[in-house]
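Reader: I am new to this structure and would like to go through it by question and answer. Please start with the ligand and its surroundings.

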Amino acid sequence: MYDVNLSGIRTIADVDVTNAVVLVRADLNVPMEAGQVTDTTRLDRFAPTLQDLAARRAKVVVLSHFGRPEGSVVPAMSLRAVAGPLGQSVGREVDFGETDWDDVARLQHEIAGMAPGDILLAENTRFHPGETDNAPDLARRMAGLGTIFVNDAFSAAHRAHASTVGIADYLPAYAGPSLAAEIDAIRSALDAPKRPVGAVVGGAKVSSKLPVLVNLVERLDALIIGGGMANTFLHALGHNVGKSLCEPEFADTARDILAKAKEAGCAVHLPVDAGVAPQFEAGAPVEYVGIDDVPGDQMILDVGPQTRAQLDTVVAGLETLLWNGPLGAFEIAPFDVGTNALAKSAGAQTAAGRLRTVAGGGDTVAALNHAGAASQFSYISTAGGAFLEWLEGRHLPGILALTR
Ligand code: ADP
Ligand code: MG
């Protein structure tokens with residue numbers, strides 16, 4: 001499905017990094033509550049990269065974004081709080097380097113004092129507006145901190161930012177081991193998927209995910225739309241979705257997608273019934289209604305039993321299933337019922353060797369874990385947006401930058 005010549009990508013595996021200052025782009029965008037990291041999955045997955053580089057006597061400087069500070073210094077989004085937990089995952093100390101992205105002299109001074117095997121975490125790259133603008137002057141300042149650039153953040157590869165793309169203009173650029181492993185796994189699952197191939201697209205990031213579907217339908221035999229995403233389609237088709245999460249300004253895009261799917265021979269499955277409640281809260285009274293009977297003062301928070309049965313049949317007819325985005329607000333029971341049911345049946349069919357299942361997305365991974373089905377899936381990526389754009393066949397700028 002992906003036609004970039006990926007053989008042009010060099011990995012850091014065979015490069016001599018002894019004494020080199022290696023700038024590693026990671027995705028340390030971990031869940032945090034009250035200044036405490038609450039889930040270390042991303043740190044644990046990245047730790048082997050740091051262990052390897054440190055063991056090979058590199059001086060390692062880690063770059064990452066965190067949250068959306070929109071180009072200014074937001075103390076609550078400082079990466080300082082992540083240095084300790086990252087060090088714990090790695091099993092050696094990770095220093096935090098105070099960083100002013102306008103003037104990196106102080107950081108440079110600290111780097112000059114590093115010994116081989118030391119690891120330093122720089123401040124949130126998004127504290128400077130040049131990061132998301134991919135500003136050449138910021139990219140050049142970042143590059144000036146080291147001698148080698150390594151991108152190990154597949155989940156940030158769909159964004160052309162200074163620390164993912166611009167920086168590669170100024171330094172030899174390599175793929176890190178997690179990024180390389182992720183590409184390998186996704187390619188082996190998807191380069192020549194067994195047909196029929198279907199996708200579940202749900203979740204809440206409607207405005208960023210919807211445009212991706214326009215091209216994705218050309219690659220699919222079936223598209224199952226659920227979650228908040230489905231509400232925008234239902235609204236576009238004239239159904240009343242009450243107080244549901246919905247982005248009416250995308251109604252035209254939704255209708256375009258349906259038309260394109262029809263043309264491409266991709267069957268689109270929207271919910272025919274729904275679990276509704278007055279609000280998204282634990283203990284809210286849930287009611288299952290037909291899709292034309294959603295009360296005006298309620299919101300759709302899950303698919304209903306008829307939809308569950310229908311989706312089971314759809315998935316039973318597939319050879320490959322891709323999944324990004326839960327079918328409902330799975331964090332609170334009973335709105336997890338639809339997602340659990342589909343996850344379990346897809347997992348069971350995968351375990352029985354009848355289906356190949358590839359899922360991606362932070363919340364999707366959490367939902368599949370919650371359903372107890374994650375371990376049965378063929379492959380799970382922690383990347384959401386990058387995963388979906390890859391499926392769509394888009395060339396991810398962060399990957400392209402490694403082939404130049
Ligand atoms: P991912 O992180 O896997 O890419 P998203 O971030 O797009 O997925 O979406 C996950 C979120 O979508 C979850 O927090 C879930 O509660 C929410 N969600 C799913 N269905 C609905 C719905 N019908 N109404 C409101 N929120 C929903
Ligand atoms: Mg999410």
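Reader: How do the residues of the shell around ligand 1 divide into nonpolar, polar and charged?

Author: The model is predicted. Around ligand 1 there are 19 residues, with Ala 204, Lys 209, Glu 331, Asp 363 and Thr 364 coming nearest. By class, the shell divides into six nonpolar, nine polar and four charged residues.

Reader: Which elements each supply at least two residues of the shell around ligand 1?

Author: The shell counts 19 residues. Those elements that each supply at least two of them are helix 8 (227-236), strand 14 (299-303) and helix 12 (362-370).

Reader: How far is a polar side-chain atom of Glu 331 from an oxygen atom of ligand 1, and what share of the ligand does the protein bury?

Author: Two backbone contacts can be listed beforehand: a polar backbone atom of Ala 204 is 3.0 Å from an oxygen atom of ligand 1, and one of Gly 228 is 3.4 Å from a nitrogen atom of the ligand. For Glu 331, a polar side-chain atom lies 2.4 Å from an oxygen atom of ligand 1. Taken alone the ligand exposes 580 Å², and the share of that buried by the protein is 89%.

Reader: Which elements give two or more residues to the lining of the second largest pocket?

Author: The second largest pocket holds about 250 Å³ of space. Its lining has 15 residues, and closest to its centre are Arg 45, Asp 152, Ser 178, Glu 182 and Thr 382. The elements giving two or more residues to this lining are helix 1 (41-55) and helix 6 (177-190).

Terms used: Residues numbered from 1 in each chain as written. Chains lettered and ligands numbered in written order. Predicted model: local features only at pLDDT ≥ 70, side-chain atom pairs only at ≥ 80, totals over all residues. Heavy atoms only, no water. Near = heavy atom within 4 Å. Polar contact = N/O pair within 3.5 Å; in protein donor to acceptor, adjacent residues only side chain to side chain. Areas by Shrake-Rupley, 256 points an atom, 1.4 Å probe, with all protein chains shown as cover. Helix = DSSP H or I, 4+ residues; strand = E, 2+ residues; numbered from the N terminus. Nonpolar A, V, L, I, M, F, W, Y, C, P; charged D, E, K, R; others polar. 1 Å grid on protein atoms, 1.4 Å probe; cavity = no way out; pocket = protein on both sides within 12 Å on 5 of 7 lines; lining within 4 Å. Points joined across faces, edges and corners; volume = space filled by probe spheres on them.
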